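Hello,

I am passing a structure on to you, and my notes on it follow below. Please have a look whenever you get a moment.

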Amino acid sequence: MRKKVFVRTYGCQMNVRDSEVICGLLQKAGYRISATDQGADIIIFNTCSVRKHAEDRVWSLVGSYKGSKIIGLVGCMAQNYKEQAFARDANISFVVGPQDIDKIPVIIEKVLRGQSPSGDNPLLFERKLWETDSSIRPEEIYHMGFYQDKEHAYVVISEGCSNFCSYCVVPYVRGPLRHRKHKDILTEIWEAITHGITKVTLLGQNVNAYQDNQVDFAKLLCQVNALSGLKEVDFFTSNPKDASIDFFKAIRDLGKLAKRLHLPLQSGSDRILKLMNRGYAAKDYLALIDSYRKIVKGGRLTTDIIVGFPTETDEEFKETCALVKKARFNAAYIFKYSSRPGTEAAKIVDELKPNELEKRHKKILDLQRGISKELRSR
Ligand code: SF4
C-alpha cells in the first residue's frame, strides 16, 4: 500500500512553490499526495520564520498529532531550529532546510525503515534525521511537473537574499542570493505550458536583482512574455533599491504583464529605513513611484509597511503616515514588527509597548483603508 503524504504550507509564494516541488518529488518516488491530513501517514510542515506568530502556529499543530503520524519539519523553521527542533517536539521525525528539499524522499524512506520492526535499521536515531547544509538546489527539482493550479504556475527565478534587512531572517535561513540560469527558467515555463499552464508568477525575494550573464530582470520578462501559449505573466517581489526605469518600461510595454507593482516601503522615516538597512531614503522611494506612475499609466501600486520597528518614535510613525498619504497606494500589507532571533534588529532592545504598537497599527490601517476605498470607488 502506497503511503499517503499531506504537505501543509505556511508563509510566502516561495513556500507554495517549494511545497509543489516536494509533492512532485514524492509522487515520483511512489507516494500518494493527500489534500488533507485525514488518513495521511506522513505530514510535512513547510514552514515560515518571518513572524513569530507563524512559528507558534506550527509548534502548536505539530504537538496536536501526538505521535500518530510521521511528522517532518521543512523550510525556514527547519533551517532556523536545526536539530533543536527534535528537542522542542519529540513528534518530529525529520528536519529539512529549504536548500535540501530534494532529499526528502530518501529521508522519508530511511524514517520508514527505521520505524518498521522488520526494517534493516530500526535504531531510534534514524527517526532523528536532519539535513540543512546544502547551499545550492539541484536544477531537476524544478521540473517535476506538479502544479496545484490547472492554469497558473509559480516559477522560482532566484533563491535566497543577500540584502540583510536588519529585521529579516530570510538571508539566514535561505542563504545568499543565487540566480537560476535564464535558459533553465524558460525551459521550466515551456514545460508548464505543455501541462496546460497559461499564467505564471516569477518568484524571488528580490526579482529586480535578477542577473544571468547579460540577462537582467527586464530582459528575462521580455523573453518570458515572448513564449507562445502563455497569456499572463506576473512577478513577486520587488525591492525599491534595485528597481529601474527599464523595469517599469517592461511593465508598460509587455502585453502579457499585469500592470501592477508591489514595492515594499516598510517605513517613511529615513532614520528607521537606515536602521532597517533598506538602502534607500523616503525621497528616493517617492521619486521611484513617481517614475512608475508616469511610465505605467494607471498601473496599480501596493506596498508592505512595518509598524513599531524598535526605537520608532511617534514623529517617525507620523512620517510613515504622511508618506502613505502622499503615495496613495491601492493597497498595503501593514505588519506589526516581530523580533526574530539572530537578526540585527533583535539586538535593539528598545521595542514599542504592545498597546502603543496596536494603536499605531490601527491608525495606519484605517488611513490606508480610507485611501484604498476612495481609489476603488473611482
Ligand atoms: S530584501 Fe530584505 S526583507 Fe526582503 S527577503 Fe531580503 S532581507 Fe528579507
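**Helix packing and the domain contact**

The crossing of H9 and H11 is right-handed (the near helix is turned clockwise from the far one by less than a right angle; anticlockwise would be left-handed). Before going on: this is a predicted model, where local features need pLDDT of at least 70, side-chain atom pairs count only at pLDDT 80 or more, and totals for chains, interfaces and linings use all residues. Residues are numbered from 1 along each chain as its sequence is written.

H9 (residues 245-253) and H11 (residues 282-295) are helices by DSSP (H or I runs of at least four residues, numbered from the N terminus). They pack with axes 9 Å apart, at an angle of about 30° (axes are lines fitted to C-alpha atoms over the stretch in contact, and angles run from 0 to 180 degrees between N-to-C directions). H9 is therefore roughly parallel to H11, a label for angles under 35 degrees.

On the H9 side, the contact uses Ile245, Phe248, Lys249 and Arg252, and H11 brings Ser291, Tyr292 and Ile295 (contact means C-beta atoms, placed from the backbone, within 7 Å). By class, that is four nonpolar, one polar and two charged residues (Ala, Val, Leu, Ile, Met, Phe, Trp, Tyr, Cys and Pro are nonpolar, Asp, Glu, Lys and Arg charged, the others, Gly among them, polar).

Now the domains: the assignment gives domain 1 (4-131), domain 2 (147-257) and domain 3 (259-378), with bounds from an automatic or database assignment. The contact between domain 2 and domain 3 takes 18 residues from the former and 26 from the latter. H9 gives the most to the domain 2 side, with five residues.

Best wishes

Note on methods. Contact = placed C-beta atoms within 7 Å. Helix = DSSP H or I, 4+ residues; strand = E, 2+ residues; numbered from the N terminus. Parallel < 35°, antiparallel > 145°, perpendicular 65-115°, else oblique.
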